[in-house]
Structure formats: C-alpha cells, structure tokens
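Welcome to this short tour. Have your viewer open and your selection tool ready, and we will go from stop to stop together.

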Amino acid sequence: VPFFGAKNSFRTSMILMIPLSAELILHGANLGPFLPWEEMTFKNFVSPLLSGLRPGVSEELIFRGLVMGNMMRLWKHKTHGIPASVLASALIFAVVHFIGLTGQGFAETLVQVLFCIPFGLVAAAVYARTRCLTGLILAHSFFDCFLMFLKQFPAAANYAGNPTLQ
C-alpha cells in the first residue's frame, strides 16, 4: 500500500482534497459563534482528535488501499476498470457505514451514508489519480475529528447548521 505514491503525488492528493477541507473550515467558521467557548476544556479538543484519527487511518487503508487497490489491479485491463473500481469502492464504503452503525437513529444513519457516497467517490478518484494514501488519510482524519468535535455540542451544531434559525 503506497503511502506517498509517486513523486509529487502527496502534493497532488492534498490539492485535490482542498474542496472537502474548505467545506469543513467554512462550516467551522460559521459554527464558532454558537459554541460554548466558556465550557471548553482540554478534553474537548483531545478526545475528538483521538477518536477521529482511527477511522480516517483505518478506513483509507482498507477501502482505498486494499479494496480499491485490488480492484484496480484486477480490473486494469478491462475497458472501464478504473472508473468501475472508483464507483464500487465508494458504494462499498457507504454500505459498510450503513451496516456498521449502531446507537443512532435511522435518519442520522441515512444522512451519514448519503454523505459517504460523494466523499467515497472523491477519495477514490483522488486515489486512482495519485496512488497516494497520505493525503486521503489526513483529509479523512481532519473531517472525522471535526465531526467528533461537533458531536460534543449538538445544540450548537444544529443551530449553526440550520439556516432557518439564523
């Protein structure tokens, strides 16, 4: 499993992941005024960081590194082998999130799965282009850390994310 890929592929993978990272940064900036900053502790920052790193690393290694890497290797001589591996790995990524979730409602699970499809497509396309996992791991971990941080403050996240309340 290549972590840095060919020359310049890490930089390319980071550049291709900018739109997803920018979305998080802009959403985070909008959320800032609604967070209970006076209640923030060191744990509020460290816990999401540690909780968000595991899925970012493990899911990229599994879904892009192993699953998609093997699909691309097996289907490379087929007419649409690479696009098929991008689509298949994204769908598998989404389905596993649907099956593996417990402790939350159906609506929340469905939203997460529906977000996993475009995220999986972008991540798979970036991996197909760069063959580099490092940028994907960083972007995925950044996203998961952000979500874990928001889960600590559901009232602020719901208020900031709902434009009808602003």
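In which helix is Glu60 found? Select Glu60 and you land in helix α3, where a helix is a DSSP run of H or I with at least four residues, a strand a run of E with at least two, and both are numbered from the N terminus.

Before going further, a word on what is loaded: this is a predicted model, in which local features need pLDDT of at least 70, side-chain atom pairs count only at pLDDT 80 or more, and totals for chains, interfaces and linings use all residues. Residues are numbered from 1 along each chain as its sequence is written, and side-chain values use heavy atoms, with hydrogens and water left out.

**Stop 1: the whole chain**

Zoom out and colour by secondary structure. The protein chain shows seven helices and zero strands, so the pattern along the sequence reads α-α-α-α-α-α-α. Of its 166 residues, 38% are buried; here buried means under 20% relative accessible area, exposed means over 50%, and partly exposed lies in between, using a 1.4 Å probe on protein chains only. Now consider contacts, meaning heavy atoms within 4.5 Å. Among those in the protein chain with a separation of 6 or more, 79% link residues 24 or more positions apart.

**Stop 2: Glu60 and its partner**

Go back to Glu60 and show its side chain together with that of Arg64. These two form a salt bridge, with their closest N and O atoms 2.9 Å apart. The term asks for a side-chain nitrogen of Lys or Arg within 4 Å of a carboxyl oxygen of Asp or Glu. As background, side chains of opposite charge can pair when their charged atoms come close. How many salt bridges does the structure hold? The count is one.

Why are Glu60 and Arg64 separated by about one helical turn? Because they are four residues apart in helix α3, which covers residues 42-75. Both partners are buried, and Glu60 has a relative accessible area of 0%. To see what surrounds Glu60, leave aside neighbours within four places in sequence and select Pro55, Gly65, Phe119, Ala123, Leu133, Leu136, Ile137 and His140, which are its contacts.

**Stop 3: α3 against α5**

Keep α3 on screen and add helix α5, residues 106-130. Their axes come within 11 Å and cross at roughly 60°; axes are lines fitted to C-alpha atoms, for helices over the stretch in contact, and angles run from 0 to 180 degrees between N-to-C directions. The two helices are therefore oblique to each other, given that angles under 35 degrees count as roughly parallel, over 145 as roughly antiparallel, 65 to 115 as roughly perpendicular and the rest as oblique.

The crossing of α3 past α5 is right-handed, meaning that the near helix is turned clockwise from the far one by less than a right angle, while anticlockwise would be left-handed. Highlight Glu60, Arg64, Gly65, Met68, Gly69 and Met72 in α3, which meet Phe119, Gly120, Ala123, Ala124, Tyr127 and Ala128 in α5. This contact divides into seven nonpolar, three polar and two charged residues; Ala, Val, Leu, Ile, Met, Phe, Trp, Tyr, Cys and Pro count as nonpolar, Asp, Glu, Lys and Arg as charged, and the others, Gly among them, as polar.

**Stop 4: bring in α6**

Next, select helix α6, residues 134-151. It packs with α3 at an angle of about 140°, the axes being 7 Å apart. That makes α3 oblique to α6, and the contact of α3 with α6 has eleven nonpolar, six polar and four charged residues.

Now hide α3 and look at α5 with α6. Their axes cross at roughly 160° and come within 11 Å, and the two helices are therefore roughly antiparallel. In this contact, Glu108, Phe115, Phe119, Ala123, Val126 and Tyr127 belong to α5, and Leu136, His140, Phe143 and Lys151 to α6.

**Stop 5: the loop residue Arg131**

Select Arg131, in the loop between α5 and α6. Arg131 has a positive phi of about 55° although it is not a glycine. For context, most residues other than glycine have a negative phi. At 35% relative accessibility, Arg131 counts as partly exposed.

**Stop 6: Phe98**

Finish at Phe98 in helix α4, residues 81-100. Is Phe98 buried or partly exposed? Its relative accessible area is 39%, so Phe98 is partly exposed. Show Phe106, Thr109 and Val113 as well: Phe98 touches these three, not counting residues up to four places away in sequence. For a last distance label, pick the C-alpha atoms of Phe98 and Gln112, which are separated by 7.9 Å and lie 14 residues apart along the chain.
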